[in-house]
Amino acid sequence: MQKTYYDPADLKKFGKISDWNKDLGEKFFEYYGKVFEEGALSEREKSLIALAVAHTIQCPYCIDAYTGDGLQRGITKEEMMEALHVAAAIRGGASLVHGVQMMNKVNKLEM
């Protein structure tokens, strides 16, 4: 059996996060539920966004949860992978654009 830092069984314990602070936990889950309700975006679109964000923040629990959720909502593996590439491009671009700060600092120090 492979051991990892993240135990997949812990995902099912997420609801218990309220046990140590019921008020804040309930408020969070109320908000979380509202966010994923149908609105200007469909629940399907929100699931795909959540999957892409999960990869960007590198949350294995979220990746598991929204991969399964996406499949249940009819999101194809091709759509999932394309969303992942969008997330990776944005993440990569965000890292690179911060290079402008480095360039500005070097130019200032070289003066």
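Contact, on this tour, means heavy atoms within 4.5 Å. One more thing before you start clicking: the model is predicted.

**Stop 1: the annotated span**

Select residues 23-102. UniProt lists them, in an unreviewed entry, as "domain: Carboxymuconolactone decarboxylase-like". Colour the span by secondary structure and you get 82% helix and 0% strand. Put a distance between the C-alpha atoms at its two ends and you should read 44 Å.

**Stop 2: Ser18, ahead of the first helix**

Now step back towards the N terminus and pick serine 18, which sits in the segment before helix H1 (22-35). Is serine 18 buried or exposed? Its relative accessibility is 11%, under the 20% cut-off, so serine 18 counts as buried. Show what surrounds the residue: setting aside residues up to four places away in sequence, serine 18 touches Gly25, Glu26 and Phe29.

**Stop 3: H2 against H3**

Next, display helix H2 (residues 43-57) together with H3 (60-72). Two packed helices are described by the angle between their axes and the distance between the axes. For H2 and H3, the axes come within 9 Å and cross at roughly 155°. Because that angle is over 145 degrees, H2 is roughly antiparallel to H3. The crossing of H2 past H3 is left-handed. To see the contact, show side chains for Ser47, Ala50, Leu51, Ala54 and His55 on H2, then Cys62, Ile63, Tyr66, Thr67, Asp69 and Gly70 on H3. Colour this set by class and you will find six nonpolar, four polar and one charged.

**Stop 4: the loop joining them**

Stay with this pair and click glutamine 58, in the loop between H2 and H3. What is unusual about its phi? Most residues other than glycine have a negative phi. Glutamine 58 is not a glycine, yet has a positive phi of about 60°. Switch on the surface too: at 63% relative accessibility, glutamine 58 counts as exposed.

**Stop 5: Asp64 and a partner far off in sequence**

Move along into helix H3 and select aspartate 64. With 45% relative accessibility, aspartate 64 counts as partly exposed. Then add proline 8 to the selection. Aspartate 64 and proline 8 are 56 residues apart in sequence, while their C-alpha atoms are 8.3 Å apart in space.

**Stop 6: Ile75, between H3 and H4**

Carry on to isoleucine 75, which lies in the loop between helix H3 (60-72) and helix H4 (77-97). Here the relative accessibility is 3%, so isoleucine 75 counts as buried. Which residues is isoleucine 75 in contact with, leaving aside its neighbours within four places in sequence? Arg44, Ser47, Leu48, Gly70 and Met80 make up that list. Pick out serine 47 for a distance check: it is 28 residues from isoleucine 75 in sequence, and the two C-alpha atoms are 8.8 Å apart.

**Stop 7: H2 against H4**

Keep H2 on screen, hide H3 and bring up H4. The axes of H2 and H4 come within 8 Å and cross at roughly 50°, which makes H2 oblique to H4. This crossing is right-handed. From H2, show Arg44, Leu48, Leu51, Ala52, His55 and Thr56; from H4, show Glu79, Met80, Ala83, Leu84, Ala87 and Arg91. By class, this contact has seven nonpolar, two polar and three charged residues.

**Stop 8: H4 into H5**

Follow H4 along the chain and add helix H5 (residues 99-110). How do the axes of H4 and H5 cross? They come within 4 Å, at an angle of roughly 10°, and H4 and H5 are therefore roughly parallel to each other. Select Ser95, Leu96 and Val97 of H4 with Gly99, Val100 and Gln101 of H5, and you have the contact. Its residues divide into three nonpolar, three polar and no charged.

**Last stop: Lys108**

Finish in helix H5 by selecting lysine 108. Its relative accessibility is 60%, so lysine 108 counts as exposed. Then zoom out and draw a line to glycine 39. Between lysine 108 and glycine 39 you have 69 residues of sequence separation and 48 Å from C-alpha to C-alpha.

Note on methods:
Residues are numbered from 1 along each chain as its sequence is written. This is a predicted model: local features need pLDDT of at least 70, side-chain atom pairs count only at pLDDT 80 or more; totals for chains, interfaces and linings use all residues. Side-chain values use heavy atoms; hydrogens and water are left out. UniProt positions are given in the numbering used here, feature names are shortened, and annotations may be inferred rather than shown by experiment. Buried means under 20% relative accessible area, exposed over 50%, partly exposed in between (1.4 Å probe, protein chains only). Axes are lines fitted to C-alpha atoms, for helices over the stretch in contact, and angles run from 0 to 180 degrees between N-to-C directions. Angles under 35 degrees count as roughly parallel, over 145 as roughly antiparallel, 65 to 115 as roughly perpendicular and the rest as oblique. A crossing is left-handed if the near helix is turned anticlockwise from the far one by less than a right angle, and right-handed if clockwise. Ala, Val, Leu, Ile, Met, Phe, Trp, Tyr, Cys and Pro count as nonpolar, Asp, Glu, Lys and Arg as charged, and the others, Gly among them, as polar.
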